[in-house]
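Biologist: Could you take me on a close look at the largest pocket and what lines it? I would love one connected walk through that part.

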Amino acid sequence: MKKGLLFVISGPSGTGKGTVMKHLLETGEYFYSVSATTRAPRPEDKEGVTYYFVTREQFEEKIAAGEMLEYAQYSGNYYGTPKSAVEKALAEGKNVILEIETLGALQVREKMPEAVLIFILPPDIETLRARLEGRGTETAEVIDLRMAQVKREVALLSRYDYAIVNENGKALEAAEEIMLIAHTERLLTKRNPELAKNFEEYIS
Ligand code: 5GP
């Protein structure tokens, strides 16, 4: 069976990634990789659905056991992708989506160069701050930390394959653009070596 494609989606906190992801996952065409984290659950979080919530000790044990495909510290907490679920889904031909920050995304690029890296941008920085403040779940200190993080993340934009701007109220359009990317990536010649083989006798 043909392996699935791995899509890595990043974007600073407040880009509206969550809504874009929701639209994408509603299509039923993607396997969402549930990350492990040491951050405290928010009211909307569900264990095993939005994240696996673990302690720092548990997370460090997973790192030591080689169970993480990638991991990073973000706003003082560990976040990481459990390797086995991703590998299994890809082997089953499923298209897998990781929604992770930039340092983790670059680790994935090193380990799995065939991954497709997509960066979601806000229309501008003011919009992003307004979105973060409007969420009402974070303290002013956390918002400042996250704005500093935005600078570090956007600096890595050129390491991604695709950039998508998530305009206000246009998350569905952003999700559609990602579906378009997925469709196009599946047609790349490098992902379809069997086609050239089929026509080999005519070419030689
Ligand atoms: P939040 O705490 O808002 O859910 O997520 C904070 C940041 O951590 C987001 O940028 C999110 O993309 C990132 N993140 C979530 N899961 C992972 C993961 O498994 N690995 C890495 N490297 N980042 C993650």
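Modeller: Happily! In this predicted model, α1 gives the largest share of the lining of the largest pocket, namely six residues. The helix α1 spans 17–26, and β5, β6, α5 (125–135) and α6 (140–154) are also elements that each supply at least two lining residues. The space in this pocket comes to about 930 Å³. Its lining counts 34 residues, and those closest to the pocket centre are G18, R42, Y51, E99 and R135. Sorted by class, the lining holds 13 charged, 11 nonpolar and 10 polar residues.

This pocket is also where the ligand sits. Around the ligand there are 16 residues, with S35, R39, Y51, Y79 and E99 the closest. Y51 and E99 thus turn up both among the residues closest to the pocket centre and among those closest to the ligand. Two strands, β5 (68–74) and β6 (77–82), each bring at least two residues to the ligand shell. The shell's make-up by class is seven charged, five nonpolar and four polar residues.

Now for the polar contacts, which you may want to check on screen. Y79 places a polar side-chain atom 2.5 Å from a ligand oxygen. At G80, a polar backbone atom is 3.0 Å from an oxygen of the ligand. R146 has a polar side-chain atom 3.4 Å from a ligand oxygen. On its own the ligand has 510 Å² of accessible area, and the protein covers 95% of that.

Terms used
Residues numbered from 1 in each chain as written. Predicted model: local features only at pLDDT ≥ 70, side-chain atom pairs only at ≥ 80, totals over all residues. Heavy atoms only, no water. Near = heavy atom within 4 Å. Polar contact = N/O pair within 3.5 Å; in protein donor to acceptor, adjacent residues only side chain to side chain. Areas by Shrake-Rupley, 256 points an atom, 1.4 Å probe, with all protein chains shown as cover. 1 Å grid on protein atoms, 1.4 Å probe; cavity = no way out; pocket = protein on both sides within 12 Å on 5 of 7 lines; lining within 4 Å. Sits in = over half its atoms within 2 Å of the grid points. Helix = DSSP H or I, 4+ residues; strand = E, 2+ residues; numbered from the N terminus. Nonpolar A, V, L, I, M, F, W, Y, C, P; charged D, E, K, R; others polar. Points joined across faces, edges and corners; volume = space filled by probe spheres on them.
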